[in-house]
Amino acid sequence: MRLRIADSLPRPIAYVLGGGASYGAVQVGHLRALAETDITPDFVVGTSVGSLNGAILAEHPATAHERLADLWANMTRQAVFGKMLGTALSIAKGKASAVPNTGLRAVIESAVQARTFEELVLPHTAVTTDFDTGEPVPVNSGDLVSALLASAAIPLVFPPVKRGHRKLVDGGVVANVPISIAADQGAATIVVLDCGFTVMAPEQEDTATGRLLRTAAIMAAQQVRRDLRTVDDRVVLYLPGPWPMRGRPDDFRRSADNAATTYDLSMTWLHGLNVVGPGRYGAAPSDMLIKPKVAD
């Protein structure tokens, strides 16, 4: 019997799926847990890997967690980012991007049957960033594959994607967890599926790459905090995850464990959930970065 929660939630309900590369496996656990409740989304908003997971959800809402489990069971670093040697050579030659997006495109095209947003069952928005203006660009019509490719086009890693007159890159640059965009689209209840990218621990990997990841995580955390301050008049369900995340966001070897752990955490949390009005229910991973002040 499904857990009954939906009656306490105002509609429309948006599922918001954040970015985080390999940490996107966390959302498999989130969606598996949500499938055991009567909560259903009216529309979906995703950034980066969340836009891909979100497209699969929007295409087949009832079976999304099963399809995503199959996808993530076979996801590898090489399939998405290519061979490490090729990446190193691209950087050494001074190319604008470390790897081509052919591998990522192949992953997207095999994961989603739809080729336009209009073919999806649920409205879906893939959040991208205009690389010239720095503005967030929500894309929710026309060609689906190029939008998902743009939403995950990490600067310096993948090349920008051109759509019309715009040069688009990863939406995570400005809206890694696009809470405010869902609010702007009219969501009264926002169900947040955060990958936990914002909790890249300071002590992890004291290298140039580690510092770059940590810097990106800090920027993402600040964006989430700003967004949450703007939606205190909505119901926000912030599902839990195994934070802080272990390993780097380009390491897919822990995908199954991350999904399973997230499912267990989410089921426990959902069983204790009691929605009594607008406000945030659940902690954002960025909350963990703020240490409580100790009295003198």
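Let me begin with helix H1, whose buried residues pack against strand E1 (13-17), H2, H3, strand E7 (189-193) and helix H11 (255-271). Before going further I should say that this is a predicted model, and everything that follows should be heard with that in mind.

Helix H1 covers residues 26-34, and because eight of its nine residues are buried, it is largely enclosed by the rest of the structure. The buried residues of H1 are Val26, Gln27, Val28, Gly29, His30, Leu31, Ala33 and Leu34.

One of the elements that H1 packs against is H11, and there I would point you to Thr262, which is found in that helix. Thr262 counts as buried because its relative accessibility is 0%, where the limit for that label is under 20%. If we set aside residues up to four places away in sequence, Thr262 touches Val26, Gly29 and His30, and also Pro240, Gly241 and Pro242. Val26, Gly29 and His30 are themselves among the buried residues of H1.

Now to the helix pairs, which can be put in the usual terms: two packed helices are described by the angle between their axes and the distance between the axes. For H1 and H3, the axes come within 9 Å and cross at roughly 160°. Angles over 145 degrees count as roughly antiparallel, and H1 and H3 are therefore roughly antiparallel to each other. Their crossing is left-handed. On the H1 side the residues involved are Val28, Leu31 and Arg32, and these meet His65, Leu68, Ala69 and Trp72 in H3. Sorted by class, that contact of H1 with H3 has five nonpolar residues, one polar and one charged.

H3 also packs with H2, and here the geometry reads as follows: helix H2 (residues 49-59) and helix H3 (residues 64-73) pack at an angle of about 135°, with their axes 8 Å apart. How, then, are H2 and H3 oriented to each other? The two helices are oblique, because an angle of about 135° falls in none of the ranges for roughly parallel, roughly perpendicular or roughly antiparallel. H2 passes H3 in a right-handed crossing. The contact draws on Val49, Leu52, Asn53, Ile56, Leu57 and Glu59 from H2, and on Ala64, Arg67, Leu68, Leu71 and Trp72 from H3. By class, this contact of H2 with H3 has eight nonpolar residues, one polar and two charged.

The residues Glu59 and Arg67, which both appear in that contact, lead to the next topic, the salt bridges. Side chains of opposite charge can pair when their charged atoms come close. Glu59 and Arg67 meet through their side chains in a salt bridge, at 3.3 Å from N to O. As for exposure, Glu59 counts as buried at 7% relative accessibility, whereas Arg67, at 23%, counts as partly exposed.

In total the structure holds ten salt bridges, and I will pick out a few others. The side chains of Asp130 and Arg166 meet in one of them, with an N to O distance of 2.6 Å. Asp130 lies in strand E3 (residues 124-130) and Arg166 in strand E6 (residues 166-170), so this pair ties together parts that are 36 residues apart in sequence. Asp130 is buried, with a relative accessible area of 5%, while Arg166 is partly exposed at 26%.

Asp233 forms a salt bridge with Arg234, with the closest N and O atoms 3.2 Å apart. Asp233 is partly exposed, its relative accessible area being 48%. There is also one network, in which salt bridges that share partners join Arg77, Arg248 and Asp250.

Two buried serines remain. Ser51 is found in helix H2 and counts as buried at 0% relative accessibility. Leaving aside neighbours within four places in sequence, Ser51 is in contact with Gly46, His124, Ala126, Leu148 and Ser151. Ser51 and Asn176 are 125 residues apart in sequence, yet their C-alpha atoms are 10 Å apart in space.

The other serine, Ser286, lies in the segment after strand E9 (279-281). Ser286 is buried, with a relative accessible area of 1%. Not counting residues up to four places away in sequence, Ser286 touches Thr198, Val199, Ala221, Val224 and Arg225.

Conventions: Residues are numbered from 1 along each chain as its sequence is written. This is a predicted model: local features need pLDDT of at least 70, side-chain atom pairs count only at pLDDT 80 or more; totals for chains, interfaces and linings use all residues. Side-chain values use heavy atoms; hydrogens and water are left out. A salt bridge is a side-chain nitrogen of Lys or Arg within 4 Å of a carboxyl oxygen of Asp or Glu. Buried means under 20% relative accessible area, exposed over 50%, partly exposed in between (1.4 Å probe, protein chains only). Helices (H or I, at least four residues) and strands (E, at least two) are DSSP runs, numbered from the N terminus. Axes are lines fitted to C-alpha atoms, for helices over the stretch in contact, and angles run from 0 to 180 degrees between N-to-C directions. Angles under 35 degrees count as roughly parallel, over 145 as roughly antiparallel, 65 to 115 as roughly perpendicular and the rest as oblique. A crossing is left-handed if the near helix is turned anticlockwise from the far one by less than a right angle, and right-handed if clockwise. Contact means heavy atoms within 4.5 Å. Ala, Val, Leu, Ile, Met, Phe, Trp, Tyr, Cys and Pro count as nonpolar, Asp, Glu, Lys and Arg as charged, and the others, Gly among them, as polar.
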